[in-house]
Amino acid sequence: MSEIVMPRLSDSMEEGTILRWLVEDGAEVTRGQEIVEIETDKATMPYEADYEGTLHVVAAEGATLPIGAVIATVGDAAEASSAGNGSAAAEAAKPAAAAEAVPATASAPAATAESSAAESSTAEPAAGGGNGDGGRVKASPVARRIARERDIDLQQLIGTGPAGRIVKADVLSAASGASGTAPAAAPPSPPPAPSPVPVGAGPEASAGGIKGELTVVELSRTQQVVARRMAESRATVPSFEVSTDVDMEAARTLRAELKAAAAEGQPVPSFNDMVVKACALALREFPRANGSYKDGKFELHSRINVGIAVAGDDSLIVPTVPDADTKSLGEIARTTRALATSVREGTIRPPDLAGGTFTVSNLGMYGVTHFTAVINAPQAAILAVGAITERAVPRDGEIVARHVMTMTLACDHRILYGADAAQFLARVRELLEQPLALAF
């Protein structure tokens, strides 16, 4: 009988959630047949069977498992029958055991973010009926790790999480108080006196609180990973920003000419496509801006793959334009349109999300004129692009109206210094202000 494990569907994936089995338990599957939908840190995508035979589901829908955990087996009916109930029970426990093997991150800020993501994730279903009943204790991966480190018996703890699940706070409380045993129940306290209703508050304030009724929204896997990585970036990357204004009059003229010359149905390059192309050409000249800082070393990449931040379904996805420096402006336009459509339709593929070496984030379409983006670590920098607005600027001793765009480059100071960033940004500005080189 062959095992099907949680696959690595993107370069940054650490765990995945079983959203829906596309084939029923016990059904026959063929090699290459889509059998399950998996939610990763970036997208939801189907996974195909690597083997032929009878599918035996191990991980239930909704289970979140680390890469490499068994999610199903494939074999013939005779093998499944001979395995017996004991084998099935053992297989069912595998995802839960595998989740405990997720290593903790080394750095303190990253560990904090990792803990919060693991605490909020939907862990594997427990094999037992609850804590202390002889079955598997329901506890988060972080709680299990801390309990092992501090020699605390989870069977003796009372969980305060959802459905009695033991969470990090329960273990820490036991470690500081009762040395691994469940804290003694506090004597019942008299009911508190009713709080006075604030002056001017109506019935809604007294019934639902001053803030009104509370609605708790659970984060999706993608949102959890985005939140964790943004927190890690802010906590661990010593960043600085440089900004410049770009005269976009020539770029506007070029786009108008390209639009007039375009065939019907052919995508016309946007201003953001021009920015992507300008960045790609400038990255050739400034290879450290196309690099990464990792483990105390510079990693300089030979390919220039520009990521474009796209607003997805309540999350931020960054698909990649590979080899953007060798693509024509028209090719970049077609690529970015296809990537944005795939993100919004939820059909983006893992290869489209991998290998980014630099990122462009544009909020100009929302009227934002200036902002600072968070670095997509371990990349060296990210360019934030604002709206093109008509402004009064001095030209040859006169004040004239020009269309101007503000760009802000956020940099990792460990690999890029002020002069490097300023020169790179000046080159991008030069290419946009004299855009004929972008058209080829």
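Modeller: Rings of Phe, Tyr and Trp count as a pair if their centres lie within 6.5 Å. Keep that in mind while we look at this predicted model, where Phe-286, Phe-358 and Phe-424 form one aromatic cluster.

Colleague: Happy to! How many aromatic pairs does the search of the whole structure find?

Modeller: Three.

Colleague: And why is the pair of Phe-286 and Phe-424 called edge-to-face?

Modeller: Their ring centres are 6.1 Å apart, and the limit for a pair is 6.5 Å, so they qualify. Their planes stand at 85 degrees, and planes over 60 degrees apart count as edge-to-face; therefore the pair gets that name.

Colleague: What makes you say that this pair links distant parts of the chain?

Modeller: The two residues are 138 residues apart. Phe-286 lies in the loop between helix H8 (271-285) and strand S10 (291-294), while Phe-424 belongs to helix H10 (residues 418-433).

Colleague: Are Phe-286 and Phe-424 buried or exposed?

Modeller: Both are buried, which means that each has under 20% relative accessible area.

Colleague: What else does Phe-424 touch, leaving aside residues up to four places away in sequence?

Modeller: Its contacts include Cys-279, Ala-282, Leu-283 and Leu-409, along with Phe-286 and Phe-358 from the cluster. Phe-424 is also among the residues with the most contacts inside the largest nonpolar core, which has 72 residues. Helix H8 gives the most to this core, with nine residues. Another core, of 11 residues, lies apart from it and includes Ile-146 and Leu-154.

Colleague: Why do you say that the charged end of Arg-255 sits over the ring of Phe-271?

Modeller: The charged end is 5.5 Å from the ring centre, and the limit is 6 Å, so the distance fits. The definition also asks for a position within 35 degrees of the ring normal, and Arg-255 is listed as sitting over the ring.

Colleague: Now the open sheet with the order S1-S8-S6-S3: what makes S1 and S3 edge strands?

Modeller: Strand S1 (2-5) and strand S3 (28-29) each have a single partner strand, so one side of each is left without a neighbour in the sheet.

Colleague: How do you know that S6 and S8 pair?

Modeller: Pairing takes at least two bridges, and four join strand S6 (residues 53-57) to strand S8 (residues 70-75), so they pair, running antiparallel. Thr-54 stands opposite Gly-75, and Val-57 opposite Ala-72. On S1, which four bridges also join to S8, Ser-2 faces Val-74.

Colleague: And what makes S8 mostly covered?

Modeller: Six of its six residues are buried.

Conventions:
Residues are numbered from 1 along each chain as its sequence is written. This is a predicted model: local features need pLDDT of at least 70, side-chain atom pairs count only at pLDDT 80 or more; totals for chains, interfaces and linings use all residues. Side-chain values use heavy atoms; hydrogens and water are left out. Rings of Phe, Tyr and Trp (its six-membered ring) pair if their centres lie within 6.5 Å; planes under 30 degrees apart count as stacked, over 60 as edge-to-face and the rest as tilted. Buried means under 20% relative accessible area, exposed over 50%, partly exposed in between (1.4 Å probe, protein chains only). A nonpolar core is a set of buried Ala, Val, Leu, Ile, Met, Phe, Trp, Tyr and Cys residues joined through side-chain atoms within 4.5 Å. Contact means heavy atoms within 4.5 Å.
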